[in-house]
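Please read this note with the sequence and the 3D view side by side. It is written as a set of numbered points, each of which can be followed on the model itself.

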Amino acid sequence: MSNRQLVYQLSQGGAEMKKLLGGKGANLAEMCRIGLPVPPGFIITTEVCSAYYEAGRRIWPALEEEVLANLGLLERQTGRVFGGEKPLLVSVRSGAVVSMPGMMDTILNLGLNPQAAEGLARETADRRFALDCFRRFIQMFAQVVLKVEHHHFENILEEARRRRQVKNDAGLEEGDLEAVIEAYLKRVRLDSGADFPMDPREQLFLAVQAVFDSWHTPRAAVYRQINRIPDNLGTAVNVQAMVFGNLGPDSGTGVAFTRNPSTGERKIYGEYLLNAQGEDVVAGIRTPHPLEGLQRDLPDVYSRFVDLCRILENHYREMQDIEFTIERGKLYLLQTRTGKRTAAAAVKIAVDLAREGMIDKATALQRVEPSQLEQLLHRCIDPAASLDVLAKGLPASPGAATGKVIFNSDKAQAMDQAGEKVLLVRPETTPDDIHGINAARGVLTSRGGMTSHAAVVARQMDKPCVCGCEALRIDEANGLFFIGDQEYREGEILSINGSTGQVILGEVPLIDPELTPEFRELLDWADGIRRLGVRANADTPQQARLALEMGACGIGLCRTEHMFMDKERLPVVQQMILAAGREEREAALAALLPMQKEDFKGILKAMAGYPVTIRLLDPPLHEFLPNRDELLLEVNRLRWEKGDLALQKKKEALLQKVRALSEFNPMLGHRGCRLGLVYPEIYRMQVQAIFLAAVELLAEGLPAESLQLEIMVPLVGHVEELQLMKREIEQVAAAVLQAHGRELPYLVGTMIELPRACVTADRIAGSAAFFSFGTNDLTQTALGYSRDDVEGKILPFYLENKILPENPFVEIDRDGVGELIRIAVEKGRAARPGLKMGICGEHGGNPASIEFCHAIGLDYVSCAPLKLPIARLAAARAVLRSE
């Protein structure tokens with residue numbers, strides 16, 4: 001990097017340099033450019049971070065020289081000397097290209113040692129302030145750089161508060177702080193084996209290294225994995241002159257959003273503390289006050305801050321998250337960035353900004369991530385429910401959650417992986433809790449405010465969160481927690497309402513959400529842009545109606561086997577399976593026929609005017625029979641008891657049939673069209689039921705054009721399979737329609753879920769009116785994965801070790817499965833131009849997979865009803881991204 005500039009002054013940068021200067025540095029430079037009050041400083045670039053790792057995590061001479069040159073410039077700008085009588089103190093902060101709040105390290109008040117602290121005391125005429133800064137610096141530096149555990153310092157501080165009989169640090173006097181500093185330095189020597197570094201330049205370079213090192217901490221790596229941020233971007237390091245919010249009652253610090261990050265309301269929203277530094281707010285060390293109170297405490301500062309919020313939002317044309325400090329009545333901006341927000345807020349802010357003329361509709365669609373919409377589609381607490389509300393905290397992230405109270409993030413993750421619902425309950429969270437928050441259904445903390453770590457991360461992860469519940473006290477060592485005077489054990493089931501701040505005893509009933517006008521308007525804009533059709537996977541009339549409400553343009557997958565699982569029908573289905581011959585089997589099918597007819601009639605009626613793709617029976621027959629091991633135990637018990645002989649004989653016959661139908665690999669065995677070929681009477685009954693349902697609807701006055709029937713044959717690998725099945729379908733359909741004197745157009749197509757079907761798609765297309773890619777099974781057969789086995793055992797290892805970039809059952813494996821789909825599309829349409837194609841696996845609701853489907857020219861995607869808004873927005877964004 002000999003010819004590259006390694007360090008930039010804030011005055012040399014701008015927002016367009018985000019990739020080089022990181023998000024924080026680029027925005028600081030941009031605020032300088034437009035004349036806003038920002039403390040001076042410089043930025044070590046993200047390229048240096050990469051070079052630092054290539055150099056074996058070393059600071060090389062050329063970098064050291066350039067940093068010191070910029071430090072000298074900062075000394076001249078401020079009129080201060082690093083380590084001198086009038087000391088220059090700096091903050092050292094990370095600044096990734098993509099915002100990763102709280103994931104990497106920050107150090108404040110750097111440059112202090114005993115001499116500099118005394119110089120600061122003389123300059124400010126406030127020795128207590130100088131000692132407090134020194135105390136804070138030792139604690140933060142020791143934690144971040146020297147890796148001394150946080151709780152050691154908290155214990156020392158708590159003991160000092162106890163001796164002085166005060167509730168917070170502001171009540172400690174000079175003598176108390178001197179004792180705390182002495183205890184801190186002893187603790188550092190004990191834990192690190194060396195004295196605390198007192199040379200400011202040594203402090204600076206150790207801090208820079210620590211920030212670079214924090215790029216690869218476990219918590220940062222987990223955050224990047226969750227948020228799909230590349231590992232190679234690196235972080236910049238921002239070095240700025242300190243401004244102090246802990247200089248007295250006319251000083252303070254705070255965090256604010258230009259619009260409400262929970263609701264999207266067009267109103268400045270934030271919190272502040274007087275006589276405090278920034279980490280007091282963000283880390284939840286003290287519970288802050290609502291920003292409106294600043295209008296009373298420091299009215300001129302508040303008025304100026306409101307003006308700056310308006311300037312920043314208009315400049316960036318986006319809601320901003322702003323950190324500020326007030327030093328003796330003067331306001332400074334320490335950071336601005338695009339504010340994290342809930343899904344509800346994201347939708348409202350995007351639509352409102354478009355309505356206000358600040359952005360266009362296309363930009364508004366780009367402002368809302370499709371996956372965010374899932375938060376709006378989850379259930380909330382039933383307002384009619386009777387609730388045992390134990391306490392109330394701050395409503396930090398909306399939604400409701402129920403689970404077992406767990407105090408430890410590692411334990412929460414383990415229990416989640418074991419299938420248990422947990423709530424992470426802590427005094428406050430730290431960046432090291434990222435995996436626990438990700439695993440938990442919701443988060444509850446006893447300290448911290450609406451901009452604390454727990455609140456910000458929970459909102460970003462769409463997790464319900466209640467912060468600052470002061471009635472909650474946690475005794476982690478003894479596995480207990482207290483709410484008020486009541487004692488509870490870890491593992492107790494609680495519920496939280498992140499929209500109201502309520503903490504509720506026990507499990508609560510949840511209901512479906514209502515969609516806002518802004519939500520519907522945004523999706524209307526998406527519908528006007530997208531090319532892909534969006535259908536639903538729906539098996540009942542209720543699901544069909546929900547699908548229409550969510551914007552479906554048809555049903556892409558109606559799974560007939562789900563209708564067989566009904567408790568009242570299962571005995572008839574089992575009778576059909578256990579039949580000794582065709583005659584007995586057809587008798588059972590005759591009993592199922594009217595049930596299937598009513599199923600199809602309800603769905604077709606609900607979806608009148610839209611296409612409905614009905615998949616004929618797909619799973620192997622043994623899935624409808626009792627579990628073999630449980631049945632064997634029951635037979636052995638009956639034999640042992642020597643009781644009801646008739647029942648014993650019946651169960652033995654059932655066990656014999658179950659054994660006969662069992663397969664070593666049933667997902668690749670007697671299922672799909674293979675079942676229909678061997679037992680054609682099953683598929684005949686289903687087709688008869690479909691067309692009987694259709695003619696009844698026609699007789700009731702439904703126009704023929706409102707019935708858009710698509711019959712899908714599953715698991716076809718050979719064109720001959722489809723040809724035989726299609727002939728059966730056409731014969732049954734003709735017989736039903738002819739018997740009732742009706743005509744009705746319909747399509748017969750196939751589900752493409754085998755690699756052979758993809759590479760012979762040109763032959764299959766000759767007999768298929770449409771292809772629907774069953775990407776769940778295609779992924780299994782292409783990758784040779786049994787999903788039930790690999791997702792819990794192999795995939796976590798593969799993902800952690802970067803063998804796979806994403807779970808292929810969540811996002812289409814473009815290089816493998818995707819290439820097979822591409823081959824099938826090209827071959828199918830070459831043989832049959834205009835062949836209708838879509839996907840109906842779970843990937844139909846995955847934004848990245850939807851973008852792939854758009855790129856290769858599919859006609860539609862099909863997904864679960866509650867995924868439809870996600871698919872509609874993702875399909876529109878796919879168009880915008882391709883332009």
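The points below go from the whole chain to its pockets and cavities, and then to some single helices and residues.

1. Please keep in mind throughout that this is a predicted model. The protein has 883 residues, of which 56% count as buried, and its chain forms 36 helices and 31 strands. Along its principal axes, the C-alpha trace spans about 105 × 65 × 50 Å.

2. The contacts deserve a moment of attention, and they can be read from the sequence outwards. Taking the contacts between residues at least 6 apart in sequence, 69% join residues that are at least 24 apart.

3. The surface that the protein exposes comes to about 36,800 Å², and carbon and sulfur atoms supply 49% of it. As for charge, the protein has 102 positive and 118 negative charges, and the mean positions of these two sets are 2 Å apart.

4. Empty space comes next. Rolling a probe the size of a water molecule over the atoms shows where such space is left. The second largest pocket has a volume of about 280 Å³. This pocket is lined by 18 residues, and those closest to its centre are Arg-80, Met-242, Val-243, Phe-244 and Glu-327. Helix H4, which covers residues 114–124, gives the most to the lining, with three residues.

5. How many cavities of 30 Å³ or more does a search of the whole structure find? The search finds three, and the largest cavity has a volume of about 60 Å³. The residues that line the largest cavity include the arginines Arg-128, Arg-136 and Arg-286, together with Asp-132 and Asp-169; Ala-170, Asn-246 and Asn-275 also belong to this lining.

6. Helix H2 runs over residues 46–54, and its buried residues are Thr-46, Val-48, Cys-49, Ala-51 and Tyr-52. These buried residues pack against three helices, H1 (18–33), H3 (61–78) and H8 (200–213), and also against strands E2 (41–44) and E5 (235–241). Just after H2, Gly-56 takes a positive phi of about 75°.

7. Helix H31, made of residues 775–783, can be looked at in a similar way, with Thr-775, Asp-777, Leu-778, Thr-779 and Gln-780 buried. Just after H31 comes Gly-784, which takes a positive phi of about 70°.

8. Is Leu-157, a residue of helix H6 (150–164), buried or exposed? Leu-157 counts as buried because its relative accessible area is 2%, and buried means under 20%. Setting aside residues up to four places away in sequence, Leu-157 touches Arg-135, Asp-169, Leu-172, Val-180 and Tyr-184. One of these, Asp-169, is also among the residues that line the largest cavity. Leu-480 is 323 residues from Leu-157 along the chain, and their C-alpha atoms are separated by 24 Å.

9. Cys-553 sits in the loop between helix H20 (541–549) and strand E25 (555–559). Cys-553 counts as partly exposed because its relative accessibility is 27%, which falls between the limits of 20% and 50%. Leaving aside its neighbours within four places in sequence, Cys-553 is in contact with Gly-533, Val-534, Arg-535, Tyr-610 and Pro-611. Tyr-610 is 57 residues from Cys-553 in sequence, yet the two are 6.2 Å apart in space, C-alpha to C-alpha.

How values were computed
Residues are numbered from 1 along each chain as its sequence is written. This is a predicted model: local features need pLDDT of at least 70, side-chain atom pairs count only at pLDDT 80 or more; totals for chains, interfaces and linings use all residues. Side-chain values use heavy atoms; hydrogens and water are left out. Helices (H or I, at least four residues) and strands (E, at least two) are DSSP runs, numbered from the N terminus. Buried means under 20% relative accessible area, exposed over 50%, partly exposed in between (1.4 Å probe, protein chains only). Contact means heavy atoms within 4.5 Å. Accessible areas come from the Shrake-Rupley method with a 1.4 Å probe; for residues, only the protein chains shown count as cover. Lys and Arg count as positive and Asp and Glu as negative; His and the chain ends are not counted. The place of a charge is taken as NZ of Lys, CZ of Arg, CG of Asp or CD of Glu. On a 1 Å grid over the protein atoms alone, a cavity is a set of points where a 1.4 Å probe fits but cannot get out, and a pocket is an open set with protein on both sides within 12 Å along at least five of seven lines; lining residues have an atom within 4 Å of a point. Grid points are joined across faces, edges and corners, and a volume is the space filled by probe spheres set on the points.
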